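Me: I should like to learn how to read the features of a structure in an orderly way. May we take them one at a time, with the general idea before the particular case?

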Amino acid sequence: QVQLVESGGGLVQPGGSLRLSCAASGSIYSVGTMAWYRQAPGKGRELVASITSIHTTNYADSVKGRFTISRDNALKTVYLQMDRLKPEDTAVYSCKADLSPSIYDFGKDYWGEGTLVTVSS
């Protein structure tokens, strides 16, 4: 069974840093684009950053210059390094990955359950 498991959330003071990880496990033939989304209390879900299999990246304007997305294709893992965190970064962060379970399947999106990031003094 294919699944994505996030880790690394928690409480951090404004200006601090956190690193999120999201690992794909199960029967996986290929991994396409991987991405991080977030949903703040009372708001809709928004794309934070994405990275393709050849490491092309894309960021939301609100996190450019502060967050860095990266991936390890061998480990089927995507990371989000978050620096200079602000209270408005408080949200549940979820990863999404385009995964193909076998050579016979087209890729489809899988989601992790999410990890809470709280930025507060």
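Me: What percentage of the 121 residues in the protein chain do buried residues make up?

Reply: Please bear in mind that this is a predicted model. A residue is called buried when its relative accessible area is under 20%. By that criterion, 42% of the 121 residues in the protein chain are buried.

Me: How many helices and strands does the protein chain have?

Reply: The protein chain contains zero helices and eleven strands. Read from the N terminus, the order of elements is therefore β-β-β-β-β-β-β-β-β-β-β. The radius of gyration is 14 Å, close to the 14 Å that the globule rule gives for 121 residues, so the chain is as compact as a globular protein of that length. The C-alpha trace spans about 50 × 25 × 25 Å along its principal axes.

Me: In what order do the four strands of the open sheet lie?

Reply: The order is S1-S3-S8-S7, with antiparallel pairing. Strand S1 (3-7) and strand S7 (67-72) are the edge strands, each pairing on one side only. From one strand to the next, the twist averages 15°.

Me: How many bridges pair strand S3 with strand S8?

Reply: Six bridges pair S3 (residues 18-25) with S8 (residues 77-82), in the antiparallel sense. To place the register, one may take Leu18, whose bridge partner in S8 is Met82.

Me: How should I read the side chains along a strand?

Reply: In a regular strand, side chains alternate between the two faces of the sheet. Strand S11 (residues 115-119) illustrates this: Thr115, Val117 and Val119 point to one face and are buried, whereas Leu116 and Thr118 point to the other and are not.

Me: Which residues in S11 are the bridge partners of Val12 and Val92?

Reply: Val12 has Val119 as its bridge partner in S11, and Val92 has Leu116. The first of these pairs belongs with strand S2 (residues 10-12), which runs parallel to S11 and is joined to it by three bridges. S9 also pairs with S11 over three bridges, but in the antiparallel sense.

Me: Which residues other than glycine have a positive phi here?

Reply: The general expectation is that most residues other than glycine have a negative phi. Here, His55 has a positive phi of about 75°, and Lys76 has one of about 55°. His55 is in the loop between strand S5 (45-51) and strand S6 (57-59), while Lys76 is in the loop between S7 and S8. His55 counts as partly exposed at 42% relative accessibility, and Lys76 counts as partly exposed at 27%.

Me: How many salt bridges does the structure hold?

Reply: Side chains of opposite charge can pair when their charged atoms come close. The structure holds five salt bridges. One of them joins Asp61 and Lys64 at 3.1 Å, N to O, and both of these residues are exposed.

Me: Are Asp89 and Arg66, which also form a salt bridge, buried or exposed?

Reply: Asp89 counts as buried at 0% relative accessibility, and Arg66 counts as buried at 6%. The closest N and O atoms of their salt bridge are 2.8 Å apart. Asp89 lies in the loop between S8 and S9 and Arg66 in the loop between S6 and S7, so the pair ties together parts that are 23 residues apart in sequence.

Me: Which residues are linked with them in a network of salt bridges?

Reply: Arg38 and Glu46 are linked with Arg66 and Asp89 in that network. Glu46 forms a salt bridge with Arg38, the closest N and O atoms being 2.6 Å apart. Arg38 is buried, with a relative accessible area of 6%, whereas Glu46 counts as partly exposed at 33%.

Me: Which residues make the nonpolar surface patch of about 440 Å²?

Reply: Tyr29, Ile103 and Tyr104 make this patch. Ile103 is in the loop between strand S9 (91-100) and strand S10 (108-111); this residue is exposed, with a relative accessible area of 55%. A loop residue may be read in the opposite way: Leu85, in the loop between S8 and S9, is buried, with a relative accessible area of 2%.

Note on methods: Residues numbered from 1 in each chain as written. Predicted model: local features only at pLDDT ≥ 70, side-chain atom pairs only at ≥ 80, totals over all residues. Heavy atoms only, no water. Pairing = 2+ DSSP bridges. Helix = DSSP H or I, 4+ residues; strand = E, 2+ residues; numbered from the N terminus. Axes fitted to C-alpha atoms, helices over the stretch in contact; angles between N-to-C directions. Patch = residues over 30% accessible without salt bridge, like charges linked within 9 Å, V, L, I, M, F, W, Y side chains within 5 Å. Areas by Shrake-Rupley, 256 points an atom, 1.4 Å probe, with all protein chains shown as cover. Salt bridge = Lys/Arg side-chain N within 4 Å of Asp/Glu carboxyl O. Buried < 20%, exposed > 50% of the residue type's maximum accessible area, 1.4 Å probe, protein only. Rg over C-alpha atoms; globule rule 2.2 N^0.38 Å.
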